[in-house]
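Colleague: I should like to go through this model with you, one point at a time. Please give your reasoning before each result.

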Amino acid sequence: MNLNVQDFVTKLQKEFDKYQSECFPVRSPEFFCLELNGEAGELANFEKKSWRGRKINHQYFADEAADVLIALMNYSNSRKINLAEAVDRKLQKIEKRRLKMEEKKKK
Ligand SMILES: [Mg+2]
């Protein structure tokens, strides 16, 4: 991952940690994990409705996507996950696998 993106994610995660600890009660990782999945479910519900042909205001998707990001930040902080490092490590694995599959296709 691009170093600037890593720096941005690190700063963002720290800002959320500061905001959460200054303004809200302490919650467990389990609480935030359930919250994250609840928010992802709300987003999925709007997508399901959209897929079935209902007109959904774009702001609803944006609001739920924001809730997912906020919940992910809070979960990662409560679980002491360095998200920038975790994403970087994961992207390296994905890229390695992708290149391997590309090589297989050439043979
Ligand atoms: Mg929501």
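Colleague: At roughly what angle do the axes of helix α2 and helix α3 cross?
Modeller: This is a predicted model. Helix α2 covers residues 29-51 and helix α3 covers residues 58-78. Their axes come within 8 Å, and the crossing angle is roughly 165 degrees.

Colleague: Are α2 and α3 roughly parallel or roughly antiparallel to each other?
Modeller: The axes cross at roughly 165 degrees. Angles over 145 degrees count as roughly antiparallel. The relation of α2 to α3 is therefore roughly antiparallel.

Colleague: Is the crossing of α2 and α3 left-handed or right-handed?
Modeller: The axes of the two helices come within 8 Å. Where α2 passes α3, the crossing is left-handed.

Colleague: Which residues of α3 are met by α2, and how many of the contact residues are nonpolar?
Modeller: From α2, the contact draws on P29, F32, C33, E35, L36, E39, A40, E42, L43 and F46. Their partners in α3 are Y60, F61, E64, A65, D67, V68, A71, L72, N74, Y75 and S78. In the contact of α2 with α3, 5 residues are charged and 2 polar, while the number of nonpolar ones is 14.

Colleague: Is L69 buried, exposed or partly exposed?
Modeller: L69 lies in helix α3. Its C-alpha atom is 8.3 Å from that of L36, although 33 residues separate the two along the chain. A buried residue needs 20 or more other C-beta atoms within 10 Å, and an exposed one has 12 or fewer. L69 has 14 such neighbours, so it counts as partly exposed.

Colleague: Which residue has a positive phi although it is not a glycine, and is it buried or exposed?
Modeller: The residue is K80, with a phi of about 55 degrees. K80 sits in the loop between α3 and α4 (83-106). Because 7 other C-beta atoms lie within 10 Å of K80, the residue is classed as exposed.

Colleague: What is the radius of gyration of the chain?
Modeller: The chain has 4 helices and 0 strands, in the order α-α-α-α. Its C-alpha atoms fill a box of roughly 55 × 40 × 25 Å along the principal axes. For a compact globule of 107 residues a value near 13 Å would be expected, whereas the chain has 18 Å.

Colleague: What percentage of the residues in the chain is buried?
Modeller: Among contacts with a separation of 6 or more, 79% join residues 24 or more positions apart. Of the 107 residues in the chain, the buried share is 12%.

How values were computed
Residues are numbered from 1 along each chain as its sequence is written. This is a predicted model: local features need pLDDT of at least 70, side-chain atom pairs count only at pLDDT 80 or more; totals for chains, interfaces and linings use all residues. Axes are lines fitted to C-alpha atoms, for helices over the stretch in contact, and angles run from 0 to 180 degrees between N-to-C directions. Angles under 35 degrees count as roughly parallel, over 145 as roughly antiparallel, 65 to 115 as roughly perpendicular and the rest as oblique. A crossing is left-handed if the near helix is turned anticlockwise from the far one by less than a right angle, and right-handed if clockwise. Two residues are in contact if their C-beta atoms, placed from the backbone, lie within 7 Å. Ala, Val, Leu, Ile, Met, Phe, Trp, Tyr, Cys and Pro count as nonpolar, Asp, Glu, Lys and Arg as charged, and the others, Gly among them, as polar. The radius of gyration is taken over C-alpha atoms; the globule rule is 2.2 Å times the number of residues to the power 0.38.
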